Amino acid sequence: MTGLVYKSTGSWYTVKTQLGETYQCRIKGKFRIKGIKSTNPIAVGDWVDFDLEQSNDVESGIIFNIHERKNFIVRKSVNLSKQTHIIASNLDQVFLIITINNPPTQTSFIDRFLVTAEAYSIKTVLLFNKLDAYDEETLLEAKYLAHVYRKIGYECIGVSAKTGKNVEKVKAIMKDRVSMFSGHSGVGKSTLVNNIQPDLNLKTKEISNLHMQGQHTTTFAEMFDTDFGGKIIDTPGIKGFGVVDMDKEEVADYFPEIFALKQDCKFNNCLHIKEPKCAVKDALDNDEIAYSRYRSYVQILEGEDEHYRTDIWDKE
């Protein structure tokens, strides 16, 4: 039988067939050693083949094959730095939810996420949430940040999960597509998803007053069907994003504004750091490239973490 993975807990997988039948499945014993270096060989969004088995009058499945993925979002593993964790696969798009404060979303986190999405050719839409709670100064900051990313070519939408502002616009983009929602804990991801599809009733929690950080509500990635067409993948809140190793020469290719200028550099192998006659550094000096973006580029190039640990979920 063939089905789509809707939920992954690490040991059991909820798989739905094209006929709408749902089965709890596990991996065939030797499946893990087939050259898969990820901590989770099967991810939400995977198409898999499985056989049914009967045990104690309960019918379950044994997964023996994963179909080829068209893409996936991947990050560094928590305890095993040489391994990766696939968040979700076979995505049409990702919505990255951003808040200016309560909790703050750092540009280094945004850029690391975008680089990974670019590497796997996954469209990313930036959702600036909690606009209803911002004072005038914070609202201006949100508008400036949105301007930075719109200039690069990313779609940016101001939303309010609480009031429903622009939720219909988001739903229109989601129609008939597989969409993953991601962001820090506390950015209003579950509240927004509940607003998009009210009958899901995902758990939500208030921001911790002690550290102004979100409290973890989602433990595992999970896919849901919508009544307007399309699928939602809800993911655990993430504190930071560990970029999986990339060759230094290719990092610039995943920054669209840098990639557009690299042909104008004197040297074909220019890394845009210390080389002379660098079009990227000239653009930076002329404020044609945002300094925050260039800083993120250099951090990734040099293998630096964000200002805090970058490769951990809030809880896993």
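**Entry 1: helix α3, both sides**

I looked first at the outward side of α3, where Glu-168 and Ala-172 are exposed. I kept in mind that this is a predicted model. Then I turned to the other side and asked: which residues of helix α3 are buried? In this helix, residues 167-174, I found Val-167, Val-170, Lys-171, Ile-173 and Met-174 buried. They sit on the same side of α3 because they cover an arc of only 160° around the axis. A general point helped me here: an α-helix has 3.6 residues a turn, so residues three or four places apart point the same way.

Next I asked what covers the buried residues of α3. I noted that the cover includes the strands β8 (93-98), β9 (123-128), β10 (155-158), β11 (178-182) and β13 (231-234), together with α4 (189-196).

**Entry 2: the two ends of α3**

I checked the backbone on either side of this helix. Asn-166 is in the loop between β10 and α3, and I read its phi as near 65°, a positive value in a residue other than glycine. Is Asn-166 buried or partly exposed? With 30% relative accessibility, I put Asn-166 down as partly exposed. Just after α3, I found Asp-176 with a positive phi of about 60°.

**Entry 3: two more loops**

I went on to the loop between β7 and β8, which holds Asn-90. Its phi is near 55°, again positive in a residue other than glycine. I looked up the accessibility of Asn-90 too: its relative accessible area is 14%, so I count Asn-90 as buried, given that the cut-off for buried is under 20%.

In the loop between β8 and α1 I came to Pro-103. A cis peptide bond joins Asn-102 to Pro-103, and I noted an omega of about 0°.

**Entry 4: the nonpolar cores**

How many residues does the largest nonpolar core have? I found 35, and those with the most contacts inside this core are Ile-73, Leu-91, Ile-110, Leu-126, Tyr-149, Met-180 and Ile-233. I then listed the elements that each supply at least two residues to this core: the strands β1 (2-8), β7 (84-89), β8, β9 and β11, and the helices α1 (107-119) and α2 (136-152). Among these, α2 gives the most, with six residues.

I also found a second, separate core of 21 residues, and its members include Ile-97, Leu-127, Val-167 and Ile-173. That brought me back to α3, since Val-167 and Ile-173 are among its buried residues.

**Entry 5: α1 against α8**

I picked one helix pair to follow. At what angle do α1 and helix α8 pack? I noted about 65°, with the axes 9 Å apart; α8 spans residues 291-301. The crossing of α1 and α8 is right-handed. From α1, I listed Thr-107, Ser-108, Asp-111, Arg-112, Leu-114 and Val-115 in the contact. From α8, I listed Ser-292, Arg-293, Arg-295, Ser-296, Gln-299 and Ile-300. Sorted by class, the contact has three nonpolar, five polar and four charged residues.

**Entry 6: the whole chain**

I ended with the overview. The protein chain has eight helices and 13 strands. Of its 316 residues, 52% are buried. Among the contacts with a separation of 6 or more, I found that 65% are between residues 24 or more positions apart.

Note on methods
Residues are numbered from 1 along each chain as its sequence is written. This is a predicted model: local features need pLDDT of at least 70, side-chain atom pairs count only at pLDDT 80 or more; totals for chains, interfaces and linings use all residues. Side-chain values use heavy atoms; hydrogens and water are left out. Buried means under 20% relative accessible area, exposed over 50%, partly exposed in between (1.4 Å probe, protein chains only). Helices (H or I, at least four residues) and strands (E, at least two) are DSSP runs, numbered from the N terminus. The arc is that of the directions from the helix axis to the C-beta atoms. Contact means heavy atoms within 4.5 Å. A nonpolar core is a set of buried Ala, Val, Leu, Ile, Met, Phe, Trp, Tyr and Cys residues joined through side-chain atoms within 4.5 Å. Axes are lines fitted to C-alpha atoms, for helices over the stretch in contact, and angles run from 0 to 180 degrees between N-to-C directions. A crossing is left-handed if the near helix is turned anticlockwise from the far one by less than a right angle, and right-handed if clockwise. Ala, Val, Leu, Ile, Met, Phe, Trp, Tyr, Cys and Pro count as nonpolar, Asp, Glu, Lys and Arg as charged, and the others, Gly among them, as polar.
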